[in-house]
Amino acid sequence: MTKRVSLTQYLVEQQREHGQIPAQLRLLIEVVARACKRIAISVNKGALGEVLGSAGSENVQGEVQKKLDIISNEVLIEANEWGGHLAAMASEEMDSIHVVPNRYPQGEYLLMFDPLDGSSNIDVNVSIGTIFSVLKKPNDDPNVIEPVSEADFLQPGHQQAAAGYCVYGPQTTLVLTVGHGVAMFTLDREQGSWVLTTDKVEIPADTKEFAINMSNMRHWAPPVSRYISECLAGKEGVRGKDFNMRWVASMVADVHRIMTRGGIFMYPWDKREPTKPGKLRLMYEANPMAFLIEQAGGMATNGTERIMDLPPTKLHERVSVILGSKNEVQRVTDYHKEAA
Ligand code: AHG
Ligand code: MN
Ligand code: MN
Ligand code: MN
């Protein structure tokens, strides 16, 4: 049995050996990881815990909120607002930012999250998750206490200090980067501790597995239709190999599969809502996942540009997402550029 390394030990070793994780960021990650454990407990209760079904309210996205959307959002806010490691939070489930109340010390980080990703899978017992992204407050001079505003969050993805997700599936797994590779931790439920189970995630550059919601086929732009029809043509077609398809409809589950065995994930623009660039949200879905994918050797674009270079203009803005094994993402991106 190899020596068990806990999340805390991993972070301290990263900090001690590489000076990579300032103490406030280490604390932030530990607090978020602890909040994910609490969310996992609620998720695992299911029907026994009064956590299933709709909350009857609507969020800023125009989605009907599930009870677990709200529960997980509250868990993350309550866990993070008093520790002195961050200045404000933003969430898929909140219209505007949540600034740390005056009674608590303010830290130098900003935290964004999708508290419960894959809400349509909650009531059918399919893997769901939490996604989070960490930025530094732009003006982090401790002597200058300026009120934090939404504009402070509007930083491109390459400014992220850390990103991660927790997938609540057959195992509860935390996947994390602080900009120096990706590590995976599995929750030891008996001890209630996160144990390092993969210390360097690497995504294969090639794959035979694509993930897209095929029911939207008639709405896609030509480069996406071209790529998918080539995959469907299999070894008799130009690709010369057969492909497999997966679509969980929880981004965390589809991305976790790619982090584990490669693949390409696509939620592209489609003509159902032509003015919207895509369904997924840039700040707390696409950017954190793009950071993780790139840190694991993959690629993430919106069809033409690197996701992490896109300049955000609104907290809840949406984006087209193509990410995963870099040779496949490159191909789809080339098809978009040829069609432009
Ligand atoms: P959320 O549950 O946080 O709103 O996100 C759901 C997203 C993402 O997790 C998933 O990839 C996508 O919606 C699935 O969309 P479809 O249901 O249209 O396939
Ligand atoms: Mn989501
Ligand atoms: Mn969500
Ligand atoms: Mn949602």
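**View 1. The donor spacing around the manganese ion (ligand 3) reads E-x21-D-x1-L along the sequence.** Welcome to a predicted model, where we start at the metal. The protein donors here are E92 through OE, D114 through OD and L116 through its O, at 2.0 to 2.3 Å from the ion. E92 sits in the loop between β3 (86-91) and β4 (98-99) while L116 belongs to strand β5, so this pair ties together parts that are 24 residues apart in sequence. Both E92 and L116 are buried.

**View 2. D114 serves as a bridge between two manganese ions.** Stay with D114 for a moment: on one side is the manganese ion (ligand 3), on the other the manganese ion (ligand 2), and the two lie 3.7 Å apart.

**View 3. The annotated "binding site" residues come into view.** An unreviewed UniProt entry gives this label to D117, G118, S119, S120, N213 and K279. The lining of the largest pocket includes D117, G118, S119, S120, N213 and K279.

**View 4. S120 is found in a loop between two strands.** Those strands are β5 (109-117) and β6 (128-136). With a relative accessible area of 54%, S120 is exposed.

**View 5. K279 is found in the loop between β13 (264-267) and β14 (280-281).** Here the relative accessible area is 39%, so K279 counts as partly exposed. Leaving aside residues up to four places away in sequence, K279 touches Y267, R318 and V319. Like S120, K279 carries the "binding site" annotation in the UniProt record.

Technical notes
Residues are numbered from 1 along each chain as its sequence is written. Chains are lettered from A and ligands numbered from 1 in the order in which they are written. This is a predicted model: local features need pLDDT of at least 70, side-chain atom pairs count only at pLDDT 80 or more; totals for chains, interfaces and linings use all residues. Side-chain values use heavy atoms; hydrogens and water are left out. UniProt positions are given in the numbering used here, feature names are shortened, and annotations may be inferred rather than shown by experiment. On a 1 Å grid over the protein atoms alone, a cavity is a set of points where a 1.4 Å probe fits but cannot get out, and a pocket is an open set with protein on both sides within 12 Å along at least five of seven lines; lining residues have an atom within 4 Å of a point. Helices (H or I, at least four residues) and strands (E, at least two) are DSSP runs, numbered from the N terminus. Buried means under 20% relative accessible area, exposed over 50%, partly exposed in between (1.4 Å probe, protein chains only). Contact means heavy atoms within 4.5 Å. Donors are N, O and S atoms within 2.8 Å of the metal (3.2 Å for Na, K and Ca); water is not among the atoms, so sites may look incomplete.
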